[in-house]
Amino acid sequence: MGHSKDAVDPGRRRFAVTAAGTTIALGAAGLAGLNPLARAQGAGRPLRVGLVSPQTGQLAGFGEVDKFTQAQFIDATRRGIAINGKVHPVQVWMKDCQSNPNKAAEAATDLILRNEIDLMVVGGTPETTNPVSDQCELNGVPCISTAAPWQAWYFTRGGTPKRGFEWTYHFYFGLEDVIEVFTNMWAEIPTDKVVGLLFSNDGDGNAWGDPKMGFPPVLKARGYKVVDPGRYQNMQADFSAYIAAFKAANVEIVAGVPTPPDFKTFWTQAKQQGFKPKIVTVGKALAFPSAIEAVGDIGEGISQESFWSANRPFRSSMTGQSAMEVAMAYEKATGKPWSQPLGCSHAMFEVALDALRRTSSIDDKEAIRDAIAATNLNTVVGPLSWARGPVRNVAKTPLVGAQWFKGKTHPYDLLVVNNKTMPGIPVQGKFRSL
């Protein structure tokens with residue numbers, strides 16, 4: 001699976017790639033015999049967890065942390081999980097969705113039908129979470145998802161406040177939180193309050209740009225003029241029309257949710273064409289260090305929501321590590337800077353472990369599902385409980401504002417610059433105009 005020595009202790013777990021391209025992580029209990037407690041209690045069948053991850057393609061930055069957190073989960077369950085007098089070894093089957101919604105659905109179906117998983121975990125924007133969640137809903141398999149604004153996961157899949165979902169549970173922030181965080185930062189710098197929207201024709205773009213529930217109505221109500229040239233197709237080669245529309249309207253703020261490659265194309269062309277807004281605040285595009293490094297020096301000062309950071313005042317229920325310790329362990333194991341998706345991926349496995357430990361039967365998927373629904377857990381991303389809404393099947397996580405600066409130990413650092421929405425998360429810098 002490409003782990004470094006620090007990422008995987010071969011004496012504790014083993015990884016293999018099957019002919020079908022599925023990567024399986026096996027706990028030591030599943031390889032070299034169960035521990036003495038397990039032998040005394042009796043060995044149960046393996047617990048099978050499925051993971052769909054964008055390991056390749058334009059969303060790979062979201063999935064690059066998953067092998068590390070998968071290894072942490074396997075390490076935490078190396079002695080198996082005791083349920084009803086039997087200790088069950090744990091297997092994690094991972095499939096790469098290639099950043100393609102159709103491939104994500106195929107991967108989920110394969111894990112459900114071929115590998116007969118007991119539980120699915122998935123993250124990495126609506127293009128991954130939604131098709132996987134849909135397959136789990138269709139096949140009656142419990143699913144824990146993250147890393148997609150809850151409206152983009154919920155409403156685009158047909159969820160309503162009166163009728164939620166039976167098998168799929170999601171945790172992340174919502175568009176209401178993004179808008180609050182964005183406008184809190186914008187208020188710190190004088191502008192003409194003209195906002196240009198950069199939204200693509202995908203799950204995120206359509207949710208963020210929705211005329212009823214997205215950015216436009218809220219921004220207008222708060223006194224902003226909105227310039228929306230319409231949806232563009234992912235991997236667009238030319239943003240000249242959008243840039244011209246923004247220049248013509250004297251746009252001083254740009255807001256959007258592009259993929260990393262699309263943002264790099266847009267911002268490079270904006271610089272070439274003399275478009276100089278005071279503020280550019282985007283979701284998804286620069287959620288991880290590799291994305292800002294690909295943009296280069298012209299990316300310094302771009303702002304965004306911060307859905308996880310190493311300075312969060314939370315600890316992992318799975319490893320006992322603080323947020324900073326999880327981040328530093330990742331850097332030591334991979335040689336890469338920590339990234340925001342790390343916290344969500346880690347918490348995804350925290351919830352899975354907690355639910356499996358509390359389930360009454362691994363052979364009853366409804367029991368596993370009910371254990372997920374009853375979650376009340378302090379995680380590395382904060383407290384998680386589906387009992388508190390905002391709608392059935394959704395739990396919210398804290399969100400603050402952040403901005404990219406040249407780093408001291410990394411090429412670039414994402415620093416928290418506005419914590420009005422969550423004062424418990426320390427501010428690390430002052431929000432600056434471009």
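This report walks through the domains, the salt bridges and a few single residues of one predicted model.

Residues are numbered from 1 along each chain as its sequence is written, and side-chain values use heavy atoms, with hydrogens and water left out. Because the model is predicted, local features need pLDDT of at least 70 and side-chain atom pairs count only at pLDDT 80 or more, while totals for chains, interfaces and linings use all residues.

## Overall layout

UniProt, in an unreviewed entry, lists residues 46-405 as "domain: Leucine-binding protein"; such annotations may be inferred rather than shown by experiment. Over that stretch the chain is 39% helix and 19% strand, with the end C-alpha atoms 46 Å apart. Helices (H or I, at least four residues) and strands (E, at least two) are DSSP runs, numbered from the N terminus.

An automatic or database domain assignment divides the protein into domain 1 (47-173 + 311-395) and domain 2 (176-306 + 399-418). Their contact (heavy atoms within 4.5 Å) takes 22 residues from domain 1 and 28 residues from domain 2. The C-alpha centres of the two domains lie 28 Å apart.

## Salt bridges

A salt bridge here is a side-chain nitrogen of Lys or Arg within 4 Å of a carboxyl oxygen of Asp or Glu. The whole structure holds 21 salt bridges, and here are three of them:

| Pair | Closest N to O distance |
|---|---|
| Lys284 and Glu127 | 3.8 Å |
| Asp204 and Lys284 | 3.2 Å |
| Arg231 and Asp228 | 3.1 Å |

Lys284 appears twice, and it belongs to a network of salt bridges that links Glu127, Asp202, Asp204 and Lys284. Asp204 lies in helix H8 (residues 203-208) and Lys284 in the loop between E13 and H12, so their pair ties together parts that are 80 residues apart in sequence. Are the members of this network buried or exposed? Lys284 counts as buried because its relative accessibility is 5%, where buried means under 20% relative accessible area, exposed over 50% and partly exposed in between (1.4 Å probe, protein chains only). Glu127 is buried at 13% and Asp204 is buried at 2%. In the third pair, Arg231 is partly exposed at 28%, and Asp228 is partly exposed at 33%.

## A buried acid without a partner

Glu331 sits in helix H13 (residues 323-334). This residue is buried yet has no salt bridge, and the nearest side chain of opposite charge, Lys332, is 12 Å away; Lys and Arg count as positive and Asp and Glu as negative, with His and the chain ends not counted. A polar atom of the Glu331 side chain does lie 3.0 Å from the backbone nitrogen of Trp338. Leaving aside neighbours within four places in sequence, the contacts of Glu331 are Lys336, Pro337, Trp338 and His410.

## Helix H15 and Met422

In helix H15 (residues 365-373), the buried residues are Ala367, Ile368, Arg369, Ala371 and Ile372. Their cover includes E7, strand E8 (143-146), strand E9 (168-171) and helix H14 (340-358). At the start of H15, a side-chain oxygen of Asp364 comes within 3.0 Å of the backbone nitrogen of Glu366.

Met422 follows strand E19 (412-418) and is partly exposed at 24% relative accessibility. Its C-alpha atom is separated by 6.6 Å from that of Pro398, 24 residues apart along the chain. Not counting residues up to four places away in sequence, Met422 touches Phe314, Pro398, Leu399 and Val400.

Notes. A polar contact is a pair of N or O atoms within 3.5 Å; within protein, one must be able to donate a hydrogen and the other to accept it, and residues adjacent in sequence count only if both atoms are side-chain atoms.
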